[in-house]
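This report considers one residue and its surroundings, then the salt bridges, and lastly the pocket. The structure is shown here for reference.

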Amino acid sequence: MTSVTLIGTRLAEEGTEFVYQGESPDCEGCPYRDQCLNLTEGVRYQVTNVRKSGTLECAVHDTGVTAVDVEPTSVRAAVPSTGAYAGSTARLEGPCPHTDCPSHPYCEPVGAEFDTSYTIREVIGDPPHDFCMLDRDLTLAELEPNESE
């Protein structure tokens, strides 16, 4: 579902992905709060259109903000291999302390939560690691945006 929001002009380019982090203390008293703070915190979005509406001053973004259309987008993640197929649901295994592992960004992907079930859009295949240091049997998958968001 497409939403119109305001984002920093440096991010305002079709295809740019970001995870909405919520309100900054600098947003207090801003006349554009309702247009900026209308997304779901922690969800990954993709800019689908940059509107030709000009630039507005902003206390958070040094070059101001502009209006864009955004949609929730998929998240690539390492999920349990058992039962992982397109259309099935999966949850992330949980935190991993091995930050130097090449699969770590997929085991703890930005824009996905550990306590949430996601529908698998597509199974990609083996994650980039040679072996899991936590002995988890994982596969790389593209997760649908959470419908409840």
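## Ser74 and its surroundings

In this predicted model, Ser74 sits in the loop that runs between strand 4 (65-72) and strand 5 (75-80). Ser74 counts as buried because its relative accessibility is 8%, and buried means under 20%.

The side chain of Ser74 is joined to that of Glu142 by a polar contact of 2.5 Å. When neighbours within four places in sequence are left aside, Ser74 is in contact with Arg44, Arg121, Glu142, Leu143 and Pro145. Two of these partners, Glu142 and Arg44, are taken up again below, Glu142 for its salt bridge with Arg76 and Arg44 for its salt bridge with Glu17.

## Salt bridges

The whole structure holds 6 salt bridges, among them one between Glu142 and Arg76, whose closest N and O atoms are 2.9 Å apart. This pair links distant parts of the chain, since Glu142 belongs to strand 8 (residues 138-143) and Arg76 to strand 5, 66 residues apart. Glu142 is classed as buried because its relative accessible area is 12%, whereas Arg76, at 37% relative accessibility, counts as partly exposed.

Another of the salt bridges brings together the side chains of Arg44 and Glu17, at 3.4 Å from N to O. Here too distant parts of the chain are linked, with Arg44 in strand 3 (residues 44-50) and Glu17 in strand 2, 27 residues apart. Glu17 counts as partly exposed, its relative accessibility being 39%.

A further salt bridge is formed by Glu23 and Arg33, with 2.5 Å between the closest N and O atoms. Glu23 lies in the loop between strand 2 and helix 1, and Arg33 lies in helix 1, 10 residues apart. Glu23 is partly exposed at 42% relative accessibility, and Arg33 is also partly exposed, with a relative accessible area of 27%.

## The largest pocket

The largest pocket has a volume of about 370 Å³, and its lining is made up of 24 residues, of which Leu6, Tyr20, Gly22, Cys36 and His61 lie nearest the centre. Strand 1 (3-8), strand 2 (17-19) and helix 1 (33-36) are the elements that give two or more residues to this lining. Strand 1 gives the most, with 3 residues.

By residue class, the lining of the largest pocket divides into 16 nonpolar, 5 polar and 3 charged residues.

Conventions. Residues numbered from 1 in each chain as written. Predicted model: local features only at pLDDT ≥ 70, side-chain atom pairs only at ≥ 80, totals over all residues. Heavy atoms only, no water. Helix = DSSP H or I, 4+ residues; strand = E, 2+ residues; numbered from the N terminus. Buried < 20%, exposed > 50% of the residue type's maximum accessible area, 1.4 Å probe, protein only. Polar contact = N/O pair within 3.5 Å; in protein donor to acceptor, adjacent residues only side chain to side chain. Contact = heavy atoms within 4.5 Å. 1 Å grid on protein atoms, 1.4 Å probe; cavity = no way out; pocket = protein on both sides within 12 Å on 5 of 7 lines; lining within 4 Å. Points joined across faces, edges and corners; volume = space filled by probe spheres on them. Nonpolar A, V, L, I, M, F, W, Y, C, P; charged D, E, K, R; others polar. Salt bridge = Lys/Arg side-chain N within 4 Å of Asp/Glu carboxyl O.
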